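Let's take a walk through this protein, from its charged pairs to its packed core and its empty spaces. Have the model open and turn it as you read.

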Amino acid sequence: MADDLCSFKDIFLIKAPKKSPLVLRMIVLLFAMVCGVYICSICLKQVSNRTNVAGFLNVQVIQKPCPRPDVEPEEVPYVHYPKPVTYSRAECACNPVRYFAILSMQRSGSGWFETLLNNHTNISSNGEIFSVKVRRSNASTIVETLDRLYNLDWFSSASKNECTAAVGLKWMLNQGLMQHHEEIVDYFKTRGVAAIFLFRRNLLRRMISVLANSYDRDAKPLNGTHKSHVHSPHEAEILAKYKPTINATLLIPNLKQVEDTTTKALEYFKSTRHIILYYEDIVKNRTKLLDVQDFLKVPQRDLKSRQVKIHRGTLSNQIENWGDVEKTLTGTQYENFLHADYRRR
């Protein structure tokens, strides 16, 4: 039995020889390398997680909503923070913006009025956008155009872009406004758009301006160029030389039609936030412009325009068949148009 055990031991020793110190050192080194790789992978993962968290926190700071402005509760629906897709508002991103629309009729002083508003460093009124028919072809195109405008993505010479505090347009009643009034009123109320009505009290003076402008469009007395508005007394004098002949038979029906359209527009938009202005009142009393600035909640400024008035003086000197017009209106509800005048204070 002892011999057998000795024989088994010898066989075992032959089959499993004792490892040398070099081999042991290699095994220890390999084990250390594996542990090192494992530890490094864990560290890298932790660093990556911290980076992701930091990046997430940075995004949250960038997208943090603007603080609620210090306004009365009833004013909150009219305060907006547009996010243009075509540029960044930068440091003005949290400056609130109000939306408005000047609702008027041709030759009612709206062009002059708009230049006054655009003289303000924080107001952008972008002209008659809907004079282009395709933009007012249906309610959907109107809404799309308005969305682009009020998101500050509409560019014109009036655009203040980043630091705009009030943005709007000039919209004539015959440019889809009356046709799609229900959808537009709903849009105004939903988006918080304020309406600025601008009309003319003396509709006879407006008629003279309409006829004269139509003549100028065809005759082009200013060196072959049609100009609805002028910026020099010399140009105004040239255009004022034309004296229109008014159809006395259609005079009262035409005046009544304009009057009815104005009344209907005021009725349609009475549920919107609005202010009503008249050209003559602004000319007589420029403090009316302060009322408009207060309405738009912008800092008060002394607003100026380079436009020069074309038709001045008494009406009798501006109408070719004055006798017929005077006879037609005398004794009617429009007789006061013959004598009403205004002078700037």
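A residue counts as buried under 20% relative accessible area, as exposed over 50%, and as partly exposed in between. Keep in mind that what you're looking at is a predicted model. With those cut-offs, E267 is partly exposed, because its relative accessible area is 45%. K270, at 51%, lands in the exposed class.

**Charged pairs**

Those two residues are a handy place to start, since the side chains of E267 and K270 meet in a salt bridge. How many salt bridges does a search of the whole structure find? The count comes to 8. Here are three of them, with the N to O distance for each.

| Salt bridge | Distance, N to O |
|---|---|
| K227 and E235 | 2.7 Å |
| E267 and K270 | 2.8 Å |
| R273 and E75 | 3.6 Å |

Look at K227 and E235 next. K227 is partly exposed at 29% relative accessibility, while E235 is buried, with a relative accessible area of 17%.

Then there's R273 with E75, where both residues are buried. Their closest N and O atoms sit 3.6 Å apart. R273 is in the loop between α9 (248-268) and β5 (274-278), and E75 is in the loop between α2 (21-62) and β1 (98-104), so this salt bridge ties together parts that are 198 residues apart in sequence. The pair doesn't stand alone, either: salt bridges with shared partners join E75, R98 and R273 into one network.

**The nonpolar cores**

Now for the greasy side of things. In soluble globular proteins, nonpolar side chains tend to be buried together. Here, the largest nonpolar core has 46 residues. Which residues have the most contacts inside that core? They are L103, Y150, L169, W171, F188 and L204.

Pick Y150 and see what surrounds it. Leaving out residues up to four places away in sequence, Y150 touches P82, Y99, F100, A101, V167, G168, L169, Y187, R191 and V193. Apart from the largest core lies another one, of 23 residues, with I102, F113, A166 and V298 among them.

**The largest pocket**

Time to look at the open space. The largest pocket has a volume of about 1,000 Å³. It is lined by 49 residues, and the closest to its centre are R107, G109, R200, S209 and Y279. The elements that give two or more residues to this lining are α3 (110-118), β3 (166-172), α7, α9 and α10 (279-284). Which of them gives the most? That's α7, with 11 residues. By type, the pocket lining divides into 19 nonpolar, 16 polar and 14 charged residues.

**Enclosed cavities**

There are also 3 cavities of 30 Å³ or more in the structure. The largest cavity has a volume of about 80 Å³. Its lining is made up of R107, S209, A212, N213, Y215, D216, K227, S228, L239, Y242, I310 and H311. You've met K227 already, as the salt-bridge partner of E235. R107 and S209 should ring a bell too, as they are among the residues closest to the centre of the largest pocket.

Helix α7 (residues 203-219) turns up once more, giving the most to the lining of the largest cavity, with 5 residues. That lining divides into 5 nonpolar, 4 polar and 3 charged residues.

How values were computed. Residues numbered from 1 in each chain as written. Predicted model: local features only at pLDDT ≥ 70, side-chain atom pairs only at ≥ 80, totals over all residues. Heavy atoms only, no water. 1 Å grid on protein atoms, 1.4 Å probe; cavity = no way out; pocket = protein on both sides within 12 Å on 5 of 7 lines; lining within 4 Å. Points joined across faces, edges and corners; volume = space filled by probe spheres on them. Helix = DSSP H or I, 4+ residues; strand = E, 2+ residues; numbered from the N terminus. Nonpolar A, V, L, I, M, F, W, Y, C, P; charged D, E, K, R; others polar. Salt bridge = Lys/Arg side-chain N within 4 Å of Asp/Glu carboxyl O. Buried < 20%, exposed > 50% of the residue type's maximum accessible area, 1.4 Å probe, protein only. Core = buried A, V, L, I, M, F, W, Y, C linked by side-chain atoms within 4.5 Å. Contact = heavy atoms within 4.5 Å.
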